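Hi,

Here is the structure I promised to pass on, so please open it alongside this email. My notes on what turned up follow below it.

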Amino acid sequence: HREALGIYEKLSTLVRGPQALDLHLNLAATYMKAGQAAIARPHYQEAVRQRPQDPKLRAALADCLVVLG
């Protein structure tokens, strides 16, 4: 599981465009499920940066920030 996350992390730094957005969202959701909101936060932030008009992305980031306090 950790190995797969490492591969996705590396890909998220290399891939651009819509595929990058999907990578960041998948990483963020996976980290949130694992209770690692601090690691999820930059991925949600990048997703919102790429698509700032998307209310679902903003809500996911807000949920993450609430968990972090």
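The place to begin is the face where α2 and α3 meet: on the α2 side it is built from Ala20, Leu21, His24, Leu25, Leu27, Ala28, Ala29, Tyr31 and Met32, and on the α3 side from Ala37, Ile39, Ala40, His43, Tyr44, Glu46, Ala47 and Gln50. Sorted by class, that contact holds 13 nonpolar, three polar and one charged residues. Please keep in mind that this is a predicted model.

To find the two helices, look at residues 18–33 for α2 and residues 37–50 for α3; their axes lie 8 Å apart and the packing angle is about 155°. The cut-off for roughly antiparallel is an angle over 145 degrees, and α2 and α3 are therefore roughly antiparallel to each other. The crossing of α2 past α3 is left-handed.

Two residues from this face are worth a click. Met32 sits in helix α2. Is Met32 buried or exposed? Neither label fits, because its relative accessible area is 24% and the partly exposed class lies between 20% and 50%. Setting aside neighbours within four places in sequence, Met32 is in contact with Ala37, Ala40, Tyr44, Cys64 and Val67. If you want a distance to check on your screen, the C-alpha atoms of Met32 and Gln45 are 14 Å apart, with these positions 13 residues apart along the chain.

Ala47, from helix α3, is another matter: it is buried, with a relative accessible area of 1%. Not counting residues up to four places away in sequence, Ala47 touches Leu21, Leu25 and Leu57. Its C-alpha atom is 9.8 Å from that of Pro18, which is 29 residues away along the chain.

Next comes α3 with α4. The axes of these helices come within 9 Å and cross at roughly 155°, and α3 and α4 are therefore roughly antiparallel to each other. Their crossing is left-handed. From α3, the contact uses Ala37, Ala38, Ala40, Arg41, Tyr44, Gln45, Ala47 and Val48, while α4 brings Leu57, Arg58, Ala60, Leu61, Cys64, Leu65, Val67 and Leu68. By class these are 13 nonpolar, one polar and two charged residues.

Leu57 is a good residue to select here. Leaving out its neighbours within four places in sequence, Leu57 is in contact with Leu21, Leu25, Ala47, Val48 and Arg51.

On the other side of α2 in the sequence is α1, residues 2–14, which packs with α2 at an angle of about 145°, the axes being 9 Å apart. α1 also passes α2 in a left-handed crossing. Leu5, Tyr8, Glu9, Leu11 and Ser12 of α1 make this contact with Leu23, His24, Leu27, Thr30 and Tyr31 of α2. The split is six nonpolar, three polar and one charged residues.

Leu5 is the α1 residue I would show first. Leucine 5 is buried, its relative accessible area being 12%. Beyond residues up to four places away in sequence, Leu5 touches Leu27, Thr30 and Tyr31. For Leu5 and Tyr31, 26 residues apart along the chain, the C-alpha atoms are separated by 9.1 Å.

Finally, the core. In soluble globular proteins, nonpolar side chains tend to be buried together. In this model, which residues of the largest nonpolar core touch the most other members? They are Tyr31, Ala40, Tyr44, Leu57 and Cys64, out of 13 residues in that core. The elements giving two or more residues to the core are α2, α3 and α4, the last of these spanning 55–68. The largest share, five residues, comes from α3.

Happy to go through any of this with you on screen.

Best wishes

Definitions and conventions: Residues are numbered from 1 along each chain as its sequence is written. This is a predicted model: local features need pLDDT of at least 70, side-chain atom pairs count only at pLDDT 80 or more; totals for chains, interfaces and linings use all residues. Side-chain values use heavy atoms; hydrogens and water are left out. Axes are lines fitted to C-alpha atoms, for helices over the stretch in contact, and angles run from 0 to 180 degrees between N-to-C directions. Helices (H or I, at least four residues) and strands (E, at least two) are DSSP runs, numbered from the N terminus. Angles under 35 degrees count as roughly parallel, over 145 as roughly antiparallel, 65 to 115 as roughly perpendicular and the rest as oblique. A crossing is left-handed if the near helix is turned anticlockwise from the far one by less than a right angle, and right-handed if clockwise. Contact means heavy atoms within 4.5 Å. Ala, Val, Leu, Ile, Met, Phe, Trp, Tyr, Cys and Pro count as nonpolar, Asp, Glu, Lys and Arg as charged, and the others, Gly among them, as polar. A nonpolar core is a set of buried Ala, Val, Leu, Ile, Met, Phe, Trp, Tyr and Cys residues joined through side-chain atoms within 4.5 Å. Buried means under 20% relative accessible area, exposed over 50%, partly exposed in between (1.4 Å probe, protein chains only).
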